[in-house]
Every structure is written in C-alpha cells, then in structure tokens.
Amino acid sequence: VDAVEVTIDDEYLDAVLTDLSIRRGRVTGTEQPGTGRSTVRADVPAASLARYTAELRSIAHGTGVLTRRPAGHEPAPARPTGAARNGLRRADTIPG
C-alpha cells in the first residue's frame, strides 16, 4: 500500500476521487484551503498506481501533482464482480 497525496485544481476533485476509488484507494483526507487547489490523501494498493502519474496528468489536464510513499503491507481489498461492480443488486427471488 502506498500513501498518496494528490494536489489538483478544484474542478478536477470529483474526477480524482472517483479514479482513486476505482483503484481501490481509501481516501484518508481532503483539503480545500480556498486557493482553487485541493489536496487528497489516500492509501492505494501500489499495483494500482502503475502509470498513475500519466493518467493523473490526463484527468487533471496537466495540473495534478502526485506524491507517493510506501505505507506498509495489507491484504488487497476484493475486486467487485458482476452486478456489484455496476452498483446493481440482484433482485431477491420470491417463490411462487
């Protein structure tokens, strides 16, 4: 797991939060000091961060800054499968 800090323009905050979530990251804090820039701190599986610098550049239109450092080891969270990945739940069947 890597501890990451991402600083971006405020307008890209939602996109970065969504992207970190997709990478199975756990957001540990955000700061919006009112300067037009936001900082997001998260713990993210290191394997999910391969090529993230280039992808952040695309998401934040070149305004993002990434800092990362190893934060230890822990079991990776399970990847959602099937309908759960799409936010859908299977309807319960009623005998009939």
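**Warm-up**

Which residue follows α1, and is its phi positive or negative? R24 comes after α1, and its phi is positive, near 65°. Keep in mind that you're looking at a predicted model.

**Exercise 1: get the overall layout**

Task: work out how many helices and strands the protein chain has, and what pattern they follow along the sequence.

Solution:
- Start with the count: the protein chain has 3 helices and 4 strands.
- Now walk along the sequence, and the elements come up as β-α-β-β-α-β-α.
- For a feel of how the chain folds back on itself, take contacts between residues at least 6 apart in sequence: 68% of them join residues at least 24 apart.
- As for the surface, the chain exposes about 6,700 Å², with carbon and sulfur atoms supplying 50% of that area.
- Buried residues account for 27% of the 96 residues.

**Exercise 2: put the sheet together**

Task: find the order of the strands in the sheet, and say which of them stand at the edges.

Solution:
- Lay the strands side by side and you get β2-β3-β1-β4, an open sheet with antiparallel pairing.
- β2 (26-31) and β4 (65-70) each have a single partner strand, so one side of each is left without a neighbour in the sheet. Those two are the edges.
- Neighbouring strands are turned by 15° against each other on average, if you ignore direction.
- Next, check the pairs. β1, residues 2-9, pairs with β4 over 6 bridges in the antiparallel sense. In this pair, V4 stands opposite R68 of β4.
- β2 and β3 are also antiparallel, joined over 5 bridges. Here R26 has D43 in β3 as its bridge partner.
- The link between β2 and β3 is a hairpin with 5 residues between the strands, and G34 in its turn has a positive phi of about 85°.

**Exercise 3: place two helices**

Task: say which strands α1 touches, and which strands α2 lies across.

Solution:
- α1 spans residues 13-22 and packs on the sheet, where it touches β1, β2 and β3 (37-44).
- Compare directions: that of α1 makes about 5° with that of β3.
- α2, residues 52-59, lies across β1 and β4. Against β4, α2 runs at about 150°.

**Exercise 4: find the buried side of α1**

Task: list the buried residues of α1 and explain why they count as being on the same side.

Solution:
- The buried residues in α1 are L13, V16, D19 and L20.
- They cover an arc of only 130° around the axis, so they sit on the same side of α1.
- The general rule behind this: an α-helix has 3.6 residues a turn, so residues three or four places apart point the same way.
- Look at the face turned away from the buried side and you'll meet the exposed residues D14 and I22.
- And the cover over the buried residues? It includes β1, β3 and α2.
- Now zoom in on D19. Its relative accessibility is 14%, and the cut-off for buried is under 20%, so D19 counts as buried.
- Skipping neighbours within four places in sequence, D19 is in contact with Y52 and I59.

**Exercise 5: trace the nonpolar core**

Task: find how many residues the largest nonpolar core has, and which have the most contacts inside it.

Solution:
- The largest core has 14 residues.
- Those with the most contacts inside the core are V6, I8, V16, L20, V44, Y52 and L56.
- Each of β1, α1, β3 and α2 supplies at least two residues of this core.
- Try V16 as a test case: leaving out neighbours within four places in sequence, V16 is in contact with V6, I8, Y52, L56 and I59.

**Exercise 6: check two positive phi values**

Task: for R51 and H61, give phi and location, then decide whether each is buried or exposed.

Solution:
- First, the background: most residues other than glycine have a negative phi.
- R51 isn't a glycine, yet its phi is positive, about 65°. You'll find R51 in the loop between β3 and α2.
- With a relative accessibility of 62%, R51 counts as exposed.
- H61 also has a positive phi, near 50°, and is found in the loop between α2 and β4.
- The relative accessible area of H61 is 58%, so H61 is exposed.

Notes:
Residues are numbered from 1 along each chain as its sequence is written. This is a predicted model: local features need pLDDT of at least 70, side-chain atom pairs count only at pLDDT 80 or more; totals for chains, interfaces and linings use all residues. Side-chain values use heavy atoms; hydrogens and water are left out. Two strands pair if DSSP finds at least two bridges between them. Axes are lines fitted to C-alpha atoms, for helices over the stretch in contact, and angles run from 0 to 180 degrees between N-to-C directions. Contact means heavy atoms within 4.5 Å. Buried means under 20% relative accessible area, exposed over 50%, partly exposed in between (1.4 Å probe, protein chains only). The arc is that of the directions from the helix axis to the C-beta atoms. A nonpolar core is a set of buried Ala, Val, Leu, Ile, Met, Phe, Trp, Tyr and Cys residues joined through side-chain atoms within 4.5 Å. Accessible areas come from the Shrake-Rupley method with a 1.4 Å probe; for residues, only the protein chains shown count as cover.
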